Every structure is written in C-alpha cells, then in structure tokens.
Amino acid sequence: MAVTDTLAIRTIQKLAGMGLTVPKDFLVICCDDAETARRASPRLTPLQLPLDQLAREAVWLVRALIEGQSRQMTIIASCYSPVRL
C-alpha cells in the first residue's frame, strides 16, 4: 500500500525493473485517488480516506490531552475504493 499515487507508480516501476509485474506478482493500492492514479498503467486501485472524520478525531484527541484528560480513543474509519466504469 502506497501513501500517494506517485509512490505507487514508482513502486510499480521498481517492480518492473526487477522483472515483476502488477497485478500478476504484486497488488499495489494507493491512498490519493488523484488524476495520476487514473492515468497510470496498470491502473492503480485507489482508496479514499474519510479525512474530515480523521481530522475531527485528531483535534478531539489533542484537546483532551491539552486539558489533561487521559482518554483512550479508537478511530474506526471506513475507506472505500470508488468503482469507475
């Protein structure tokens, strides 16, 4: 899994240089879902993360820590891979 589409593409290129192919030998998933993912060959499998939810939870946690509250928090975030036909 690559954090950005650019890293995913570079990973695919590096694998190709080693004689490996995607998706036959490896699967590569990226988290950006940028335009580069749509133009990559082979096409990347993008995941879209719920960044607004993750940001709200992060702010909540920081505020709790600043206020001296000891809280345990679990973030359950769903991400999805949009289907493009």
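Helix H1 has 13 residues. From its first C-alpha to its last, H1 reaches 18 Å, close to the 18 Å expected at 1.5 Å a residue. The model is predicted, and H1 is a good place to enter it.

Which residues of H1 are buried? They are Asp-5, Ala-8, Ile-12 and Leu-15. Seen down the axis of H1, these buried residues fall within an arc of 85 degrees, so they line one face of the helix. The face turned away from that buried side carries exposed residues: Arg-10, Gln-13, Lys-14 and Gly-17. Buried here means under 20% relative accessible area, and exposed means over 50%.

What do the buried residues of H1 pack against? Their partners are strand E1 (29-30) and helix H2 (35-39). Just after H1 comes Gly-19, with a positive phi of about 85 degrees.

The buried face of H1 leads into the core. Ten residues make up the largest nonpolar core. Early in the sequence these are Ala-2, Ala-8, Ile-12 and Leu-15, among others. The set also includes Val-22, Val-28 and Cys-30, along with Ala-37, Ala-40 and Leu-44. H1 (residues 5-17) gives the largest share of this core, three residues. In soluble globular proteins, nonpolar side chains tend to be buried together.

Take Ala-8 as a way to read these contacts. Ala-8 is one of the buried residues of H1 and a member of the core. Leaving aside residues up to four places away in sequence, Ala-8 touches Ala-2, Val-28, Cys-30 and Leu-44. Each of these four partners is listed in the core as well.

Now step back to the chain. How many helices and strands does the protein chain have? There are three helices and two strands. Along the sequence they follow the pattern α-β-α-β-α.

Helix H3 covers residues 51-66, 16 residues in all. H3 reaches 22 Å from first C-alpha to last, close to the 22 Å expected at 1.5 Å a residue. After H3 comes Gly-68, whose phi is positive, near 80 degrees. A glycine with positive phi thus follows H1 and H3 in turn.

Some totals complete the picture. Of the 85 residues in the protein chain, buried residues make up 20%. The chain exposes about 6,500 Å², and carbon and sulfur atoms supply 58% of that area. Among contacts with a separation of 6 or more, 53% come from residues 24 or more positions apart.

Methods: Residues are numbered from 1 along each chain as its sequence is written. This is a predicted model: local features need pLDDT of at least 70, side-chain atom pairs count only at pLDDT 80 or more; totals for chains, interfaces and linings use all residues. Side-chain values use heavy atoms; hydrogens and water are left out. Helices (H or I, at least four residues) and strands (E, at least two) are DSSP runs, numbered from the N terminus. The expected span of a helix is 1.5 Å times one less than its number of residues. A nonpolar core is a set of buried Ala, Val, Leu, Ile, Met, Phe, Trp, Tyr and Cys residues joined through side-chain atoms within 4.5 Å. Buried means under 20% relative accessible area, exposed over 50%, partly exposed in between (1.4 Å probe, protein chains only). Contact means heavy atoms within 4.5 Å. Accessible areas come from the Shrake-Rupley method with a 1.4 Å probe; for residues, only the protein chains shown count as cover. The arc is that of the directions from the helix axis to the C-beta atoms.
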